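Visitor: I'd like a close look at just one part of this model. Could you pick a single strand and walk me through its surroundings?

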Amino acid sequence: MIRLFSLLAVAAFALSACDSTGSSDSGGPHVYKIRPRDESRIENETIEAVNMARMNAGLSPLVRNDALTLAAERHSGDMAAQNRPWHWGSDGSSPIERATRAGYYGTWLGENISETFEDEVKTLNAWMGDRDSRAIIMDPAARQIGFGWYQETGGKIWWTLVTGT
């Protein structure tokens, strides 16, 4: 567990290069702005942090899956359009249906979601601090991962992490 938090602290330091703005004059939230050049790094470092936690627990690492990533990205955008964090699509689709539509033919295992102005490190820490969300990340049966987000112009980020076999 200490290694996970150390890795996340290192990731937080690396992310300090990302654009952010301070609180607004009205006391609004601190906005973490994802730049296009940071997108692949954010995805890679988040998956690396997940895998470090899994390896520290004696679990196999997860491999990025394009279809699961597409499902995660699409769901993040759909949650933003609905303006609510939940596991159902605006068309009534389940996480399993969304993974299948994205071309995933493995067994879908779990989905973590978040609506926040915080970065991926804080989001992953929150998931790891929640029993149910952590269970998805640490599922021994999991072999693949998809991770995506959608950021609104105002800065709010909708995060989705999906796992499968």
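Guide: Start at W158 in strand 6, which is the bridge partner of Y150. That bridge belongs to an antiparallel pairing between strand 5 and strand 6, which runs over eight bridges. Keep in mind that this is a predicted model. The two strands make a hairpin with five residues between them, and G155 in the turn has a positive phi of about 110°.

Now for the other neighbour. Strand 4, residues 108-116, also pairs with strand 6 in the antiparallel sense, again over eight bridges. To find your place there, look for G110, which sits opposite T163 of strand 6.

What about the faces? Both are covered: I157, W159, L161 and T163 are buried on one side, and W158, T160, V162 and G164 are buried on the other. With eight of its eight residues under 20% relative accessible area, strand 6 is therefore largely enclosed by the rest of the structure.

Some of that burial leads into the largest nonpolar core, a set of 20 residues in which W159 and L161 are among those with the most contacts, along with V50, L124, W127, I137 and F147. Helix 2 (39-56), helix 5 (120-129), strand 5 (144-151) and strand 6 (157-164) are the elements that each give two or more residues to this core. Helix 2 gives the most, with five.

From L161 you can hop to I137: the residues I137 touches, leaving aside those up to four places away in sequence, are V50, R54, L62, N112, L124, W127, M128 and L161. Another core lies apart from this one, with six residues, among them A67, L68, A72 and A99.

How values were computed:
Residues are numbered from 1 along each chain as its sequence is written. This is a predicted model: local features need pLDDT of at least 70, side-chain atom pairs count only at pLDDT 80 or more; totals for chains, interfaces and linings use all residues. Side-chain values use heavy atoms; hydrogens and water are left out. A nonpolar core is a set of buried Ala, Val, Leu, Ile, Met, Phe, Trp, Tyr and Cys residues joined through side-chain atoms within 4.5 Å. Buried means under 20% relative accessible area, exposed over 50%, partly exposed in between (1.4 Å probe, protein chains only). Helices (H or I, at least four residues) and strands (E, at least two) are DSSP runs, numbered from the N terminus. Contact means heavy atoms within 4.5 Å. Two strands pair if DSSP finds at least two bridges between them.
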